[in-house]
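Student: I am new to this structure and would like a close look at a single part of it. Could you take me through the charged pairs that link separate stretches of the chain, and say where each partner sits?

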Amino acid sequence: MTATAEHGVVSTEPNEEGYREFSLGEFRFRRDEYFVYITWPTGHHIMSVDAFLRALQRDIAWDFFYGTVNFDHSENIQTPRIRETFKSILDDWTNETFDPFASPHETGSAFGIKNGDNHGAVTRQRVQAGRMVGLPGDAPLRSDEAGYLVNRMFADVPQDEPEVYAEPGFEDQVSAFSLFAYLSRSDVTWNPSVASVCKESLFCPTTEEYILPIIHGNDRVEWFIQLTDQITWEVEDRETGAVRARVVMKAGDVSAMPADIRHQGYSPKRSMLLVWENASADLPDLIASGKTPTYPIDF
Ligand code: PHB
Ligand code: FE
């Protein structure tokens with residue numbers, strides 16, 4: 001083994017199964033045909049490689065957006081270094097048969113010895129609008145021509161767009177689009193896009209199928225509007241993991257997830273979920289100091 005500073009690569013030679021090993025500070029990452037092994041001076045994890053790659057993919061695509069990771073060994077490492085190491089691991093350990101963003105039914109296997117790569121899939125970014133999807137200069141609507149086909153589970157979603165008649169001179173400011181049609185063409189799961197921005201208010205719609213690959217720790221209240229189908233949420237205390245609720249959300253249901261929880265969603269069919277967030281950077285401190293409650297509203 002040769003230790004190099006470069007993106008935390010430990011072994012330059014692939015292991016027996018064809019995969020490289022990585023390090024980040026005192027953490028070591030290694031995979032074989034089925035499992036990932038993470039070791040650090042005071043402990044270790046073993047987990048299935050498909051679950052690991054799905055989680056790693058979200059960390060990278062969301063750029064560590066509101067995540068919490070718990071280890072019993074703390075070490076401070078600069079985010080750019082973590083980001084680059086994680087990107088290298090994801091790229092080296094993802095075979096050409098596997099897309100970590102896809103539902104298990106729409107992708108091949110993550111297992112086995114090294115077999116090609118899937119650069120295109122693992123470098124997808126979340127779509128981030130600066131104003132609203134479809135407005136000039138911002139994220140375009142998804143279409144057949146752009147390679148976004150209607151998902152097999154959304155074949156019944158109407159594809160017509162609203163007609164907009166803007167006053168002359170306002171054509172680039174007035175716009176409307178069918179959010180259902182837009183979402184029906186999403187090629188990823190559990191990856192909220194930012195479809196509109198109004199000051200600190202972000203509309204983050206997403207399509208969900210199977211299991212949210214991370215247990216998400218909230219640092220602010222988030223509103224969920226279940227647009228179609230059904231998701232079951234297991235909700236726990238963010239710090240202790242004690243069970244707080246099981247929330248079954250059906251189409252049309254709205255919930256506010258508190259700021260002091262962690263949660264994981266289960267979607268038995270591909271469903272559409274709108275996550276509505278206040279993106280203010282002040283919120284985590286306001287909540288931690290007790291100036292702002294962990295729940296959204298007093299009735
Ligand atoms: C969340 O912030 O809890 C969250 C993250 C990703 C999703 C849905 C919800 O796809
Ligand atoms: Fe959350």
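Tutor: What follows is a walk through the salt bridges, pair by pair, with the setting of each partner. Please keep in mind from the start that this is a predicted model. A search of the whole structure finds 17 salt bridges, and I will take up some of them in turn.

Let us begin with R20 and D92, which form a salt bridge whose closest N and O atoms are 3.5 Å apart. This pair links distant parts of the chain, since R20 belongs to the segment before β1 (22–24) while D92 belongs to helix α2, 72 residues apart. That helix covers residues 79–93. The two partners can also be described by their accessibility: D92 counts as buried because its relative accessibility is 11%, under the 20% cut-off for that term, whereas R20, at 25%, counts as partly exposed. There is a further contact between these residues, for the backbone nitrogen of R20 lies 2.8 Å from a polar atom of the D92 side chain.

The next pair is D187 with R124, whose side chains meet in a salt bridge at 3.5 Å, N to O. Here D187 lies in the loop between α4 and β5 (196–198) and R124 in the loop between α3 and α4, so the pair ties together parts that are 63 residues apart in sequence. D187 counts as partly exposed, with a relative accessibility of 36%, and R124 is also partly exposed, at 22%.

A third pair joins two strands: E234 forms a salt bridge with R246, and the closest N and O atoms are 2.8 Å apart. E234 is in strand β9, which covers residues 230–237, and R246 is in strand β10, which covers residues 243–250, so that the partners, twelve residues apart, link distant parts of the chain. In accessibility, E234 is partly exposed at 24%, while R246, at 60%, counts as exposed because that value is over the 50% cut-off.

Finally, salt bridges need not stand as separate pairs: E106, R152, E209 and R270 are joined into one network by salt bridges that share partners.

To gather the picture, the R20 and D92 pair connects the segment before β1 with helix α2, the D187 and R124 pair connects two loops, and the E234 and R246 pair connects strand β9 with strand β10.

How values were computed:
Residues numbered from 1 in each chain as written. Chains lettered and ligands numbered in written order. Predicted model: local features only at pLDDT ≥ 70, side-chain atom pairs only at ≥ 80, totals over all residues. Heavy atoms only, no water. Helix = DSSP H or I, 4+ residues; strand = E, 2+ residues; numbered from the N terminus. Buried < 20%, exposed > 50% of the residue type's maximum accessible area, 1.4 Å probe, protein only. Polar contact = N/O pair within 3.5 Å; in protein donor to acceptor, adjacent residues only side chain to side chain. Salt bridge = Lys/Arg side-chain N within 4 Å of Asp/Glu carboxyl O.
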